[in-house]
Amino acid sequence: MRYSLRQLEVFVAVGRCESVSRAAEALVMSQSATSTALGEFERQFDSQLFDRVGKTLRLNELGRQLLPKAVELLDRAREIEDLLEGKAGFGALQIGATLTIGNYLAALIIASFLQRHPESRIRLQVHNTATIVHQVVHHELDLGLIEGDCHHPDLEVQSWVEDELVVFCSPAYPLAQRGEVPLEELTAQPWILREHGSGTRETFDHAMRHHRAPLNIRLELEHTEAIKRAVEFGLGIGCISRLTLREAFRRGSLVPIATPELDLRRQFRFLWHKQKYQTAGMREFLALCRAMTAGIQRSDEIPLPLIS
């Protein structure tokens, strides 16, 4: 062959980082060695794989076609290397999860995975849905676990388990003892919501799409725990996953508000790149996720350790 796996590693790293210097750091190589390897790779085939924009290198059309094939070949090569070296486990996995899944479910699944396969390595990144989708599209993650919808043409998306958002408030808030609250009255309240780009905000906005009056949004926060604290302090009402509120409802520090006019159901989903080689580790991780929710109708029914 006219190319080496190391050259492919350099190409993939530069494609992901869009920078020779950052790729060199990721590969633990010198910047000059990384630049030389990439240059030789392109010259060998008299092909340009990147558009140079200042100090940034962006994949051109040929580079975008090559990237998933190179990632797949490297994944297979690592499996062969592990097999020849007699290594157990499934090597390294790059998992991305949105905040609700990442903070409440992913850690338990990863713990179960590593107990079964202690020689494996997992890196978990927790971001909002838009960021996870972007990272999977650009092959920065092997697998994404998201809340809500994804319609990107390059991604395979599969449903996992149903989730439901719930409107909630402090037990001292004026609406706490009202039972059902009309939508018109709810919209006039100060709201503490997730930021745009999150699956939670997308589900909430979709549920409110037929109500034309502007909302009184007091705060937009990136973390569900921050939203819970703000609502506990009486700053307004919130709307996040019932799963994240289960313990607060049990303790009585927060209370649900019945909203029969709103459909706040959604799906937790798996996603991966359609051209991504599904390694044995990915298949095992997906199997553990599905085992966790076997026979479960909704995410807040999943048995989790109690938080005192």
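Is H206 buried, partly exposed or exposed? H206 counts as partly exposed, because its relative accessibility is 47% and the partly exposed class runs between 20% and 50%. Hi everyone, and thanks for coming. Before I go on, please keep in mind that what you see above is a predicted model.

Let me stay with H206 for a moment. This histidine sits in helix α8, which covers residues 199–207. If you want a sense of distance, take H206 together with E72: they are 134 residues apart in sequence, and their C-alpha atoms are 37 Å apart in space.

Now for the whole chain. There are 308 residues, and 48% of them count as buried. The chain has 11 helices and 11 strands, and its C-alpha trace spans about 75 × 45 × 30 Å along the principal axes. How much of the contact list comes from residues 24 or more positions apart? Among contacts with a separation of 6 or more, the share is 76%.

On the outside, the chain exposes about 15,400 Å², and carbon and sulfur atoms supply 51% of that. As for charge, we have 36 positive and 40 negative ones, and the mean positions of the two sets are 1 Å apart.

Next, let's walk over to helix α10, residues 242–251. Just at its start, a side-chain oxygen of S241 reaches to within 3.1 Å of the backbone nitrogen of L243. S241 also takes part through its backbone: the side chain of T244 reaches the backbone oxygen of S241 at 2.8 Å. So where does T244 stand in terms of exposure, buried or exposed? T244 is buried, because its relative accessible area is 2% and the cut-off for buried is under 20%.

And what does T244 touch, once we leave out residues up to four places away in sequence? The answer is T100, Y104 and K228. T244 has company, too: the buried residues of α10 are L243, T244, L245, E247 and A248. Their cover includes helices α5 and α9, along with strands β6, β9 and β11. At the other end, α10 is followed by G252, which has a positive phi near 85 degrees.

Two of those covering strands bring me to the aromatics. A search of the whole structure finds 9 aromatic pairs. One of them is F41 with F45: the ring centres are 6.0 Å apart and the planes stand at 80 degrees, so this pair is edge-to-face. F41 is buried at 6% relative accessibility, while F45 is partly exposed at 33%. Then there is W160 with F268, where the centres are 6.3 Å apart and the planes are at 45 degrees, so we call that pair tilted. W160 belongs to strand β6 and F268 to strand β11, so the pair ties together parts that are 108 residues apart in sequence. Both W160 and F268 are buried.

If you are colouring the model at your desk, also pick out Y3, F11, F41, F45 and F50, which ring pairs link into a cluster.

A word on backbone angles. Most residues other than glycine have a negative phi. Which loop holds V28? V28 sits between α2 (20–27) and α3 (31–44), and its phi is positive, about 55 degrees, although it is not a glycine. V28 is exposed, with a relative accessible area of 74%. H139 has a positive phi as well, near 60 degrees. H139 is in the loop between α6 (129–137) and β5 (143–147), and this histidine counts as buried, at 5% relative accessibility.

My last stop is R64, in helix α4, residues 61–84. What does the side chain of R64 join up with? A polar contact of 3.0 Å connects it to the side chain of E61. R64 is partly exposed, with a relative accessible area of 46%. R64 and L49 are 15 residues apart in sequence, and C-alpha to C-alpha they are 8.1 Å apart in space.

That's my tour. Happy to take questions!

How values were computed:
Residues numbered from 1 in each chain as written. Predicted model: local features only at pLDDT ≥ 70, side-chain atom pairs only at ≥ 80, totals over all residues. Heavy atoms only, no water. Helix = DSSP H or I, 4+ residues; strand = E, 2+ residues; numbered from the N terminus. Buried < 20%, exposed > 50% of the residue type's maximum accessible area, 1.4 Å probe, protein only. Polar contact = N/O pair within 3.5 Å; in protein donor to acceptor, adjacent residues only side chain to side chain. Contact = heavy atoms within 4.5 Å. Areas by Shrake-Rupley, 256 points an atom, 1.4 Å probe, with all protein chains shown as cover. Lys, Arg positive; Asp, Glu negative; His and termini not counted. Charge placed at Lys NZ, Arg CZ, Asp CG, Glu CD. Phe/Tyr/Trp six-rings, centres within 6.5 Å; stacked < 30°, edge-to-face > 60°.
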